[in-house]
Amino acid sequence: MIKAADRLNTVKEYYFSAKLKELKERSLKGEEIINLGIGSPDMVPSKITIDALSHEIHKPDAHSYQPYNGTPTLRKAISRWYNKTYGVIINEKNEILPLMGSKEGIMHISLAFLNPGDEVLIPNPGYPAYQSVSKIVGAKIREYNLNEDNWEPDFAQLESMDLSKVKMMWVNYPNMPTGNPGSFELFSKLVEFSKRHQILICNDNPYSLILHKNPLSIFQVKGAKEIAIELNSLSKSHNMAGWRIGMLIANPTFLKYIIGIKSNMDSGMFKPMQLAAAKALTNKNEWHQKTNTEYTQRKEIVLEMLKLLKCEVDEKQGGMFVWAKIPGEKDAETFIDEILEKTGVFITPGSIFGSVGKKYVRVSLCANQNTLKKAKSKIEKTINKNGTINDQRITDSKREEEKTLDYCRAL
């Protein structure tokens, strides 16, 4: 009997992987399902991006192996983009590593820095991959709760912990799932905290261009390069999720460690995609403004939908999701399952991001306005004044019974 590795006992299938299978099965059975759970952009990349890919793919040298650290053209474009977007100077030669999506970077960083038994600080609520990857590499997870009033770390609580074995800390600003934009002050506190305790800070930063007026990078703080790594991505900000193009920014020493891992795991990214990504990073502000205008209009519909459900929402939050507190005593999974069963609308339970999220839900803005209006209408038709969901199928059945009775009486 050949058994799987023990590490599989520490992780389970990614929530959305399993849930999407369930939703697909229900759709195949004839149910109308509206999926507002996944953050997969439904808008297309810019025309210059697609044109660049189409042009480059026909060149004779397009299909060979590429450098492990990416093409010079892409690294240069990333450096310029960081300077334009964040006002940060990044050396294109030795401080940038293009990635096949930033999720890949979470694994590379963890393999490069964490030994079995090392401790890693992970936010609650937070992106589930931080937990699962830490478990896979054998690290010990130390959760830290985000304050519900501002979704930032409680530094007093952190300072009261035994941090002697902590080697790394994951942060994620602008934050997902809560939409908190973060601040220069917060990054300054994190850098000070890191230097005081010699903890590597890893900021996961793919959302700063979506409904955030002032894009931030941890490298805007003086001295951050000494102790921090930042992940970024074109998936959300440039509508290129399926392209799997991200980036890692770090000092030359940290970058050398990570390339030592990455060079043993792949053979470089497809050249035309790298060159198209470089072109995407030159998108004009007007292109991003148009995208954000669409997200703003979608957000207004989602806020109206959540109001019907009696959820509490901080409307100042940014990003491509809306994070909301649910009413009553139910937990998030019960709440969303009830909505799914009775309306066919799926939204994400906040509990998948940690225990602090058990009274929250997250709604994706990655659906067109007509779809969002339809979801809102489905909920509106089944909602009571107190926010309780009726079963529309039962209501429809009763209507049919009443029609039959009326017909019999008429006879």
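Biologist: Contact means heavy atoms within 4.5 Å. With that settled, what covers the buried residues of H11?

Modeller: The cover includes helix H1 (15-28), helix H12 (369-382) and three strands: S11 (345-346), S12 (348-349) and S13 (360-364). Helices (H or I, at least four residues) and strands (E, at least two) are DSSP runs, numbered from the N terminus. This is a predicted model, where local features need pLDDT of at least 70 and side-chain atom pairs count only at pLDDT 80 or more, while totals for chains, interfaces and linings use all residues. Residues are numbered from 1 along each chain as its sequence is written, and side-chain values use heavy atoms, with hydrogens and water left out.

Biologist: Which residues of H11 are buried?

Modeller: Ala-332, Phe-335, Ile-336, Glu-338, Ile-339, Leu-340 and Thr-343. Buried means under 20% relative accessible area, exposed over 50%, partly exposed in between (1.4 Å probe, protein chains only). As background, an α-helix has 3.6 residues a turn, so residues three or four places apart point the same way.

Biologist: What should H11 span?

Modeller: 16 Å, for twelve residues (332-343) at 1.5 Å a residue. The expected span is 1.5 Å times one less than the number of residues. The end C-alpha atoms of H11 are 16 Å apart, so the two agree.

Biologist: Now H9. How many of its residues are buried?

Modeller: Nine of the ten residues in 271-280, so H9 is largely enclosed by the rest of the structure. The buried residues include Lys-271, Met-273, Gln-274, Leu-275 and Ala-280. Helices H2 (47-56) and H3 (72-86) are among what covers them.

Biologist: Zoom out. How many helices and strands are in the chain?

Modeller: The protein chain has 13 helices and 13 strands. Its radius of gyration is 23 Å, close to the 22 Å from the globule rule for 411 residues, so the chain is as compact as a globular protein of that length. That radius is taken over C-alpha atoms, and the rule is 2.2 Å times the number of residues to the power 0.38.

Biologist: What box do the C-alpha atoms fill?

Modeller: Roughly 85 × 55 × 55 Å along the principal axes. Of the 411 residues, 53% count as buried. Among contacts with a separation of 6 or more, 74% come from residues 24 or more positions apart.

Biologist: How many positive and negative side chains?

Modeller: 57 positive and 48 negative, and the centres of the two sets lie 4 Å apart. Lys and Arg count as positive, Asp and Glu as negative; His and the chain ends are not counted. A charge is placed at NZ of Lys, CZ of Arg, CG of Asp or CD of Glu.

Biologist: Backbone oddities next. Which peptide bond into Pro-125 is cis?

Modeller: The bond from Asn-124, with omega near 5°. Pro-125 sits in the loop between strand S3 (119-124) and helix H5 (128-136). Tyr-173 and Pro-174 are also joined by a cis bond, omega about -5°. Pro-174 is in the loop between strand S5 (166-171) and helix H7 (184-197). For reference, most residues other than glycine have a negative phi, and most peptide bonds are trans.

Biologist: Then phi. Is Asn-239 positive or negative there?

Modeller: Positive, about 60°, although Asn-239 is not a glycine. Arg-244 has a positive phi too, near 55°. Asn-239 lies in the loop between S7 and strand S8 (246-249), and Arg-244 is found between S7 and S8 as well. Asn-239 counts as buried at 6% relative accessibility, whereas Arg-244 is partly exposed at 33%.

Biologist: What does Met-269 touch?

Modeller: Beyond residues up to four places away in sequence, its partners include Arg-244, Ile-245, Pro-98, Leu-99 and Met-100. Met-269 is in the loop between helix H8 (252-262) and H9. It is buried, with a relative accessible area of 8%. Tyr-65 is 204 residues away along the chain, yet the two C-alpha atoms are separated by 7.9 Å.

Biologist: Last one. Where is Phe-219?

Modeller: In the loop between strand S6 (200-204) and strand S7 (228-233). Phe-219 is buried at 9% relative accessibility. Its contacts include Val-88, Ile-90 and Ile-249. Ile-218 is in the loop between S6 and S7, buried at 0%, and is in contact with Phe-187, Val-191 and Ile-201, among others.
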